[in-house]
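Dear colleague,

Please find below the structure that I am handing over to you. My notes on what was found in it follow directly after.

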Amino acid sequence: MEKKLEQHLNKVFARYGEFPARDDVVQELLANLTERYQDFKSQGKRDNQAYRATIDSIGDVSEIMEQIPHSEVKLTSESALHSAVSSMRDMIGANIGSRKFKHSVLTKADLSETNLTKADFTGSALAEASFRGSFLSGAKLRSAALKGANFFNADLTNADLSGSDLRDACFDSSILTGTKLKGSALHGASFKNANIVGTDFSQSDLSKISFDGQTLEGAVFGSASLKQTSFRNATLRNVSFHHAAVKQAIFDGAAMNKVTYAILKGANATLDNVTIL
């Protein structure tokens with residue numbers, strides 16, 4: 001696997017041509033990635049999953065290159081060489097250790113069962129990526145392309161997915177406590193058995209989404225599009241629907257506290273068959 005990782009690194013750096021300390025850069029990064037690969041393997045990932053997760057963890061190589069001489073600058077001493085490699089090592093540590101993936105292309109990446117706490121995927125291409133069972137607490141996935149992404153059983157506590165394309169995404173059995181989904185496209189997304197507590201859906205497109213039979217606590221749907229969104233037999237406690245288009249939402253058989261009922265009643269929602277808690 002080390003050979004395969006080295007081949008990938010040589011391909012990544014090929015566009016920069018020959019530059020001072022190139023071999024040191026590749027070898028230092030290879031050592032870090034080999035260790036990273038072993039970490040993924042210890043988490044139970046298969047070889048191909050661990051390899052994909054490892055190369056995805058490199059982050060933006062251009063940021064690494066900014067820290068080292070790579071044009072016409074010549075390294076004339078061991079101390080200069082050491083300084084360049086040290087700078088590069090620090091940048092590698094920042095990319096992998098703090099999990100910076102901003103604006104990365106990770107389409108269909110398998111990041112299942114991975115600790116991605118506070119990872120930054122802002123603006124990344126993550127269509128059909130798998131985050132099954134992963135820890136994404138406090139992660140940033142703002143303005144990301146996440147159509148068809150799989151968050152089954154993932155922990156998204158306090159994660160920020162605002163302004164993202166989440167059409168057809170799977171959030172089944174996920175933890176969405178304090179999760180921000182504000183201003184996102186969620187048409188076709190699934191939330192079966194999700195833990196929805198303090199989740200922010202405001203200004204999002206939730207047309208035809210089903211929350212049937214679920215318990216929603218402190219969720220926010222302010223100014224959200226709720227055309228044919230279904231809350232059949234759901235339990236709603238302190239759920240906010242201010243300025244949301246609730247007239248076409250379905251609440252048949254739902255149970256809700258008095259505050260939630262009052263908000264919906266004032267917005268002319270159809271509440272003929274609901275129970276007030």
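**Backbone and salt bridges**

S223 lies in the loop that runs between β2 (215-217) and β3 (235-237). Please bear in mind throughout that this is a predicted model. The phi angle of S223 is near 60°, a positive value in a residue other than glycine. As general background, most residues other than glycine have a negative phi. With a relative accessible area of 40%, S223 is partly exposed, because the partly exposed class covers values between 20% and 50%.

D168 also deserves a note: its phi is positive, at about 65°, although D168 is not a glycine. This residue is placed in the loop between α5 (78-97) and β1 (196-197). The relative accessibility of D168 is 44%, so D168 counts as partly exposed.

I turn now to the charged side chains. How many salt bridges does a search of the whole structure find? The search finds three. In general terms, side chains of opposite charge can pair when their charged atoms come close.

One of the salt bridges joins the side chains of K41 and D47, with a distance of 2.4 Å from N to O. K41 has a relative accessible area of 29% and is therefore partly exposed. D47, with a relative accessible area of 42%, is partly exposed as well.

A further salt bridge is formed by D160 and R142, whose closest N and O atoms are 3.0 Å apart. This pair links distant parts of the chain, the two residues being 18 residues apart, with D160 in the loop between α5 and β1 and R142 in the loop between α5 and β1. Is D160 buried or exposed? D160 counts as buried, because its relative accessibility is 13% and the buried class lies under 20%. Its partner R142 is partly exposed, with a relative accessible area of 39%.

There is also a salt bridge between D165 and R167, in which the closest N and O atoms are 2.7 Å apart. R167 has a relative accessibility of 35% and so counts as partly exposed.

For your own inspection, the positions to call up are S223 and D168 for their positive phi values, and the pairs K41 with D47, D160 with R142 and D165 with R167 for the salt bridges.

With kind regards

How values were computed:
Residues numbered from 1 in each chain as written. Predicted model: local features only at pLDDT ≥ 70, side-chain atom pairs only at ≥ 80, totals over all residues. Heavy atoms only, no water. Helix = DSSP H or I, 4+ residues; strand = E, 2+ residues; numbered from the N terminus. Buried < 20%, exposed > 50% of the residue type's maximum accessible area, 1.4 Å probe, protein only. Salt bridge = Lys/Arg side-chain N within 4 Å of Asp/Glu carboxyl O.
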